[in-house]
Amino acid sequence: MRFRAAFRVCESRNRAPLLLQPQASRSFSQLPLNPQRPSFGIAFDIDGVVLRGRVPIGGSPQALRRLYGDSGALKVPFLFLTNGGGVPESRRATELSELLGVHILPSQVVQGHSPFKTLLKRFENELIIATGKGEPAVVMSEYGFKKVLSLDEYASYFENIDPVSQYKMWTAKQESGNGSDSKKLVPKYDATSDRVKAAFVVSDPVDWGRDIQVLCDILRSGGLPGHKNTQQPPLYFAADDLEYQAAFPFERLGMGAFRIALESVFNRIHCNALEYVSFGKPNPFVFKNAEAILRQLQSSCNDNAIDNGDVGSNPLKTIYMIGDNPLVDIKGARQDILGFLF
């Protein structure tokens, strides 16, 4: 049975956002944390809310510590709901734990690409391409996909597919710094003859020009660049943010901007319009998934809780979404949840 949830998003571009104010007269520190299992859960955005770059914002570490008991166990179920990504959830949880001074479980980290796990049954043994900053192929491999190539590696198997690659000195420097040269690798799969069955934009692409070119080659050839086939392979985006808050004082272009650029080019050079699916906030699926995770976390909250042995006797009644982007956080909460607090 669905519960009526209330979300509160406190927005501030030039100062730290207020973490949570269910009522104007009550601060976060005044929320009652009684020995019963909590009847509310919290979903925090990360960038611009608890962190700016790698620096905690305001009193976010202290506020998060109030959600834990003296033993270190959760008193209030919460998770991080972000459109960011590029690394496995386990690694992101470790990073957040170090930066914020609390123990974060991998299950408490829901990234933009986390829903890609639901596509495993369809593409588990198919050749897929993953692109974006970080380690997109590692992310997909950890989800269980067996035949994954990063777009970097895939492009290296097609000579001259990127006509300006020789001018990208930063690419050569990056490869040298990693201690590897993808052009010398033996292909894991027969990339030049196997068709790509799906492409995944896991995180914000680094080389927009190269990625748009190669994705157009894949998508308008039926999955095999250099061949003619108008049947487009599925294309998935982890998020669709036009902009997002990073370490720079003003917002930066996000994955949604890349999607617009790719779509504009593809639609000009191909007979059919680009088809794609975007996950991440504000997709309702993301909020429903977060709700399910918070319910699971609630069952482990406060080992001394008084609930007569029945978690269902004290169900979640409210979920608070703490974010800084009305077009993503508020819109997503509104279209999925009946109640919304301002």
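Is Tyr-320 buried or exposed? Select this residue to begin the tour: at 9% relative accessibility, Tyr-320 counts as buried. Please note that the model shown here is predicted.

**The whole chain**

Before going further, display the entire chain. Its secondary structure comes to ten helices and 13 strands. Of the 342 residues, 50% count as buried. The accessible surface comes to about 16600 Å², and 51% of that surface belongs to carbon and sulfur atoms. Among contacts between residues at least 6 apart in sequence, 75% join residues at least 24 apart.

Next, colour the chain by pLDDT. The mean value is 82, and 78% of the residues reach 70 or more. Two stretches deserve caution. Over residues 176-184 the pLDDT stays under 50, and the model gives this stretch five contacts beyond four places in sequence. Residues 338-342 also have a pLDDT below 50, and this stretch has 20 contacts in the model beyond near neighbours in sequence.

**The aromatic pairs**

Now show the aromatic side chains. The count comes to 16 aromatic pairs. Return to Tyr-320 and add Phe-40: the two form an edge-to-face pair, 5.9 Å centre to centre, with 80 degrees between the planes. Phe-40 belongs to strand E1 (residues 40-44) and Tyr-320 to strand E13 (residues 318-322), so this pair ties together parts that are 280 residues apart in sequence. Phe-40 is buried as well, with a relative accessible area of 12%.

Move on to Phe-116 and Phe-279. Their ring centres are 5.8 Å apart and their planes stand at 80 degrees, so this pair is edge-to-face. Phe-116 is in the loop between strand E5 (109-110) and helix H3 (120-123), while Phe-279 is in the loop between strand E12 (277-278) and helix H9 (284-298); the two residues are 163 residues apart. Both Phe-116 and Phe-279 are buried.

Keep these two residues selected and extend the selection to Phe-123, Phe-145, Phe-200, Tyr-236 and Phe-285. Ring pairs link these residues, together with Phe-116 and Phe-279, into a cluster.

**Helix H2**

Select residues 89-100, which make up helix H2. How far apart are the end C-alpha atoms of this helix? They are 16 Å apart, which agrees with the 16 Å that its twelve residues should span at 1.5 Å a residue. The buried residues of H2 are Glu-89, Arg-92, Ala-93, Leu-96, Ser-97, Leu-99 and Leu-100. An α-helix has 3.6 residues a turn, so residues three or four places apart point the same way.

To find what the buried residues of H2 pack against, display strand E2 (51-52), strand E3 (55-56), helix H1 (60-65), strand E4 (78-81) and E5. Then step just past the end of H2 to Gly-101, which takes a positive phi of about 75 degrees.

**Helix H8**

The next selection is helix H8, residues 255-269. At 1.5 Å a residue, its 15 residues should span 21 Å, and its end C-alpha atoms are indeed 21 Å apart. Its buried residues are Met-255, Gly-256, Ala-257, Phe-258, Arg-259, Leu-262, Glu-263 and Phe-266. The cover over them includes strand E8 (198-201), helix H7 (208-219), E9 and strand E11 (252-253).

Within H8, pick out Glu-263. Which residues does Glu-263 touch, not counting those up to four places away in sequence? They are Leu-274 and Tyr-276. Add Glu-275 to the view: Glu-263 and Glu-275 are twelve residues apart in sequence, and their C-alpha atoms are 8.7 Å apart in space.

**Leu-235 in strand E9**

From H8, proceed to Leu-235, which is in strand E9 (residues 235-237). At 1% relative accessibility, Leu-235 counts as buried. Leaving aside neighbours within four places in sequence, Leu-235 is in contact with Ala-199, Val-201, Leu-219, Leu-262, Leu-274, Glu-275, Tyr-276 and Val-277. Of these, select Ala-199: this residue and Leu-235 are 36 residues apart in sequence, yet 4.9 Å apart from C-alpha to C-alpha.

**Two cysteines**

Finish the tour by selecting Cys-216 and Cys-271. Cys-216 is buried, with a relative accessible area of 2%, whereas Cys-271 is exposed, at 61%. A disulfide is a covalent bond between the sulfur atoms of two cysteines. How many disulfides does the structure hold? The number is zero.

Conventions. Residues numbered from 1 in each chain as written. Heavy atoms only, no water. Phe/Tyr/Trp six-rings, centres within 6.5 Å; stacked < 30°, edge-to-face > 60°. Helix = DSSP H or I, 4+ residues; strand = E, 2+ residues; numbered from the N terminus. Buried < 20%, exposed > 50% of the residue type's maximum accessible area, 1.4 Å probe, protein only. pLDDT = per-residue confidence, 0-100. Contact = heavy atoms within 4.5 Å. Expected span 1.5 Å × (residues − 1). Disulfide = S-S within 2.5 Å. Areas by Shrake-Rupley, 256 points an atom, 1.4 Å probe, with all protein chains shown as cover.
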